[in-house]
Amino acid sequence: MENSEGVKIESTVVSEEPLISALDIALFIVIITVAYFWYFKRDKQSSSSEKKPYTIQPSSLSSIEPTSNSSFIKKLKSTGRSLVVFYGSQTGTAEEFAGRIAKEGARYKMKGMVADPEECDMADLVEMKEIQKSMAIFCIATYGEGDPTDNAMDFYEWLQNGDADLEGLNYAVFGLGNKTYEHYNEIAIYIDQRLEELGATRVHEMGLGDDDANIEDDFVSWKEKLWESVCSHYGIEETGEESNIRQYKLVDCSEVLPERIFSGEISRLKSYENQRFPFDVKNPYLSKIAVNRELHKSGDRSCMHIEFDIDGSKMRYDTGDHVAVYPKNSSELVEKIGELLNADLDTVFSLLNTDEESSKKHPFPCPCTYRTALTYYLDITSNPRTHIMKELIEYASDPKDQEKLKLMASSSPEGKKEFHDWILHDNRNIVHILEDLPSVKPNLDHLCELLPRLQCRYYSISSSPKVHPKSIHITAVLVNYSTPTNRVNKGVATNLLAQLKPTNDELPQPTIPIYIRRSQFRLPPKSQTPIIMIGPGTGLAPFRGFIQERDYARKEGREIGEMVLYFGCRKKDEDFIYENELQEYVANGTLTKLHLAFSRDQPEKIYVTHLLEQNADELWNIIGEKNGHLYVCGDARSMAKDVHSIIVKVVMEKGQMTNSQALNYVKKMEQQKRYSADVWS
């Protein structure tokens, strides 16, 4: 009965239940309400955005270098251009040179454009022949130990692995390198040869720029002959028109809201307030300075041990990597420019590319104030190049200043000598030029267009992630020196770092933007492999990390190979950095031998190279008989070259080889990563 009634009752309830319940109605009302507010709020925002009192939007990574349209051929065709200048640049110099060539193309009836190979489909080079009197020019830097720059890596690999038919492509190559490095201009040389192998036509012989000498002079000399070859090849003549055409136009941004103005970020607006992983060259990590202490015991020089806190950043590094530090110019120099040009540094402005088809809309993040641009984005301490001298001529009201600038901007022997003596030898930067040529008063926006970008500084990491996973250590010498004009020039990064000292109170700790750059400077995969490390001065930095890592392995009970360190400095009681640490590693057996050279503690100077020659047997025993690894870190101009010569000599004598055989042996060591160098000039 109950069951029967139960079924009946249930049946009755079902039959009497309405088709739409109260809950359904409530949900429907909520959905309609949300949709209503979303639609009208969006419409209101859209309307308000149309009424914004400014037209220049803040640049970000995507607005500076968009990647949506990778076909440079389409751009050339649609804009009636026939010249494209590609650049492979790590510091901005190659990009600057590319811009100067593209700009000059107009004088030869070749409208040009600058292109980043990383942003282009380089396979489109096969279509260049479809454009009448077309040409591709490559300004390519060689970075590190014979490596392509980051933005040219894909293009380099495409040339290596592909077999495109480039017949009909006309080209020329200018390489940027440094003769103090073994692999001088290796990438440019390869690209020049490979393009010819693939059927392209070389219009002008390759130019090689040496940054250890005067790369500006090398470039200008090559460029002049380049245009002669271009005129001959295409049967054209120079128009004779040589005007200083602005690449960017000034835009007034006084009405831009404060929260839309860049204040020093590299690419993304407010990136330092809202940090996002991963961190890289375009998105650095704002790291706290955890430790900043002096390493020198006495004397008038300074060497800093600095530790960057990376706890919580998810950043990882390997022993031997580099850390990039983003500096800023001193406020004193920035204010001086404002005074010399009678400019309001707090004016908000933007520079917009006059070429609407260019992928680079702004030379640096815009909009910003002049103070921000001169502090964070522009290099105001290096020696300006000759093209800047040329652009400054029109702003000189004194005929004497005008003639001096014209002379330095010329390619005559007298002009080159004047530029070398007055700019390079006397070490003048843009501030010094404006001081010493008082009638020269350029528009500040034009000066911002001309000056190169301020680059990050790289330091060898002097710690091991095994021992210090939450911090990155560097060892940096404070750069201060007097110039022939009795001015004191200061290193941009090291002088900034010297001021960033952590405090013991609750005040916010000093910070600086950094990111990690991977390196090939690596310990052998097996901890038992013996190694020799040669690092005078701050060249010791990466080896401190090497030793820490091997010491960590030893404490874990693993077998470690011999570790021999050659270290040199001026005086034992003055600049013997990390002395106590090194002596402790010797005492516990991690460091097998420590060879020390104190150059000024005795009448005759003794360097690490002298000790290397004295220990030829030990050297050959490790690299010849035990298949060990050899590492060099420090000055490329003399020390690293001398070490290389000594190694070849030891291999000849102890390995009983001819000079040719010894050179091949050392070359093979380099190819096998058994001979590695981390050097600078």
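This briefing describes two sheets and several helices in the structure above. The model is predicted. One sheet is open and has five strands with parallel pairing, while another open sheet has three strands with antiparallel pairing. Helices H21 and H22 lie across strands of the five-stranded sheet, as set out below.

**The five-stranded sheet**

- The strands of this open sheet follow the order E21-E20-E19-E22-E23, and their pairing is parallel.
- At the edges stand strand E21 (593–598) and strand E23 (675–680), each of which pairs on one side only.
- From one strand to the next, the twist averages 10°.
- Strand E20 (residues 563–569) pairs with E21 in the parallel sense, over six bridges.
- Within this pairing, Leu594 in E21 is the bridge partner of Leu565.

**Helices lying across the sheet**

- Helix H21 (residues 616–625) lies across four strands, namely strand E19 (531–534), E20, E21 and strand E22 (629–635).
- The direction of H21 is at about 125° to E19.
- Helix H22 lies across E19, E22 and E23, and runs at about 150° to E22.

**The packing of H22 and H23**

- Helix H22 (residues 639–654) packs with helix H23 (residues 659–671) at an angle of about 120°, and their axes are 9 Å apart.
- Angles from 65 to 115 degrees count as roughly perpendicular and those over 145 as roughly antiparallel; the two helices are therefore oblique to each other.
- The crossing in which H22 passes H23 is right-handed.
- On the H22 side, the residues that meet H23 are His644, Ile647, Val648, Val651 and Met652.
- On the H23 side, their counterparts are Asn659, Ala662, Leu663, Tyr665, Val666 and Glu670.
- Sorted by class, the residues in the contact of H22 with H23 are eight nonpolar, two polar and one charged.

**The three-stranded sheet**

- This open sheet has the strand order E8-E12-E13, with antiparallel pairing.
- Strand E8 (248–252) and strand E13 (368–369) are at the edges and have a single partner strand each, so one side of each is left without a neighbour in the sheet.
- E8 pairs with strand E12 (residues 348–353) in the antiparallel sense, over five bridges.
- The bridge partner of Leu250 is Leu351, which belongs to E12.

Conventions: Residues numbered from 1 in each chain as written. Predicted model: local features only at pLDDT ≥ 70, side-chain atom pairs only at ≥ 80, totals over all residues. Heavy atoms only, no water. Axes fitted to C-alpha atoms, helices over the stretch in contact; angles between N-to-C directions. Parallel < 35°, antiparallel > 145°, perpendicular 65-115°, else oblique. Left-handed = near helix turned anticlockwise from the far one by under 90°. Contact = heavy atoms within 4.5 Å. Nonpolar A, V, L, I, M, F, W, Y, C, P; charged D, E, K, R; others polar. Pairing = 2+ DSSP bridges.
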